[in-house]
Amino acid sequence: MAASRSEEVREKARSLLQQLAARAHLSSVDALFEMHAAKMVDQLQETVDQWSHSSPQRFVLDAVVSSAGISVVESLLDRVTAILQSCLEPERDAELRSGLFSLTSRLLLRLGESAHSERASRFAGDAVATMILPNMKWKAGRTAAAVRGTAVASLWAALQSNLLTGEQIRALAEPLQSPLNVTIEDDSQMTRLLTCRALALLYRGLTREQLHPLYPPLLKRLDDASNDVRMQVANAITAYLEAFDGQFEVPLYETHLEAILRGLLIHLDDSEEPIRLAVLDVLKVAAALSPALLVKEVQAVRHKFKHPDLCDRLVQHVETIDPSMPTPIQE
């Protein structure tokens, strides 16, 4: 099932499983998995040290965790964790790791849809800490870059699944910071894109103290060669600002907010209209943190703009959230 790309072959395999369940006088394929999956996975674990990307055992594992009922999969998580931890060690075969990161991502998302147990949360935390993080570290070469990209995809899946508790996310913030600073500058556009999406999800679970030092790499990526990445950067900065929930403590961190506003205002006059409009939306979110500071920064640069109308629109927005504040714009 897992080894074939042909839907016809997969359907035939599903049909054979149904026939096998019927012959065993079981009510469903899920009952078949419930009876035999644990023993199958135990047998797979016996040979895990010898697995390569072409080993049939990895496809059997994929078929079990993809096809068994979610309650059966949950019961297997400790066994599956042990197998994945062994196969995803950075010294193992790169193609094997890439394939199993794909499996890990699908498993995390599936668990996120159906299972929010302590066991599922523990699996997600173990996946990030012991499987994903070690494979996000930079190594030269295309093969290493491909594995790094699949690891970032699994990180996004772990965060997207909502399986990680707030405590787990806060504990992972520091060890994730350096690897994410590397992958956001990766040569692969997809890796940079996925890093931005992962960051947007990560910010929501962090404390204000953890958030404050995290913005510089994002601002730098507003200069990315890919507009798709730049749009995702804008989304991530929005998530970053919203994560403060109005509690930015401007007097204490005013220099941080100034740097963010100045970095964004450069791109409010970008040559690409979609980028200008995306940045305008980010600045509207930033306005809520300190309307007066934003207007001050806008007035300082408006005369340099090729598109000053966006400055005016931004100040008009400020007036809607703080009507009492005078907001003159000088030509």
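## E249 and the start of α14

Let's begin with E249, which is partly exposed because its relative accessible area is 37%, and the cut-offs for buried and exposed are under 20% and over 50%. This is a predicted model, by the way. You'll find E249 in the loop between α13 and α14. Its phi is positive, about 55°, even though E249 is not a glycine.

Follow the chain into helix α14, residues 250–267, and you'll meet a kink of about 40° centred on H256. Which residues of α14 are buried? The list is V250, Y253, L257, E258, I260, L261, G263, L264, L265 and H267. The buried residues of this helix pack against α12, α13, α15 (273–287), α16 and α17.

## N162, another positive phi

Now hop over to N162, in the loop between α8 and α9. N162 is not a glycine either, and its phi is positive, near 65°. Is N162 buried or exposed? N162 counts as exposed because its relative accessibility is 58%, and exposed means over 50%.

## α10, a mostly covered helix

Helix α10 runs over residues 189–203, so 15 residues in total, and at 1.5 Å a residue it should span 21 Å. The C-alpha atoms at its ends are 21 Å apart, which agrees with that expectation. If you'd like to check the sum yourself, remember that the 1.5 Å is multiplied by one less than the number of residues.

How many of the 15 residues of α10 are buried? The count is 12, so the helix is mostly covered. Among the buried ones are T191, R192, L193, L194, T195 and C196. Further along, A198, L199, A200, L201, L202 and Y203 are buried too. What do the buried residues of α10 pack against? Their partners are α8 (142–160), α9 (166–183), α11 (208–211), α12 (216–220) and α13 (227–242).

## E209 on α11

One of the helices packed against the buried residues of α10 is α11, and E209 sits in α11. E209 counts as exposed because its relative accessibility is 52%, with the cut-off at over 50%. E209 and F244 are 35 residues apart in sequence, while their C-alpha atoms are 9.7 Å apart in space.

## R302 and its partner

R302 is in the loop between α16 (291–301) and α17 (308–321). Why does R302 count as buried? Its relative accessibility is 7%, and buried means under 20%. The side chain of R302 also has company: a polar contact of 2.8 Å joins it to the side chain of D312.

## Two buried cysteines

C196 is buried, because its relative accessible area is 1%. C311 is buried as well, with a relative accessible area of 0%. How many disulfides are counted? Zero, going by a rule that asks for two cysteine sulfur atoms within 2.5 Å.

## The whole chain

Time to zoom out. The chain has 17 helices and zero strands. It has 331 residues, and 49% of them count as buried. The accessible surface comes to about 16,300 Å², with 50% of it belonging to carbon and sulfur atoms.

What about contacts between residues at least 6 apart in sequence? Of these, 70% join residues at least 24 apart.

Conventions: Residues numbered from 1 in each chain as written. Predicted model: local features only at pLDDT ≥ 70, side-chain atom pairs only at ≥ 80, totals over all residues. Heavy atoms only, no water. Helix = DSSP H or I, 4+ residues; strand = E, 2+ residues; numbered from the N terminus. Buried < 20%, exposed > 50% of the residue type's maximum accessible area, 1.4 Å probe, protein only. Contact = heavy atoms within 4.5 Å. Areas by Shrake-Rupley, 256 points an atom, 1.4 Å probe, with all protein chains shown as cover. Polar contact = N/O pair within 3.5 Å; in protein donor to acceptor, adjacent residues only side chain to side chain. Bend = angle between axes of the 7 residues up to and from the residue.
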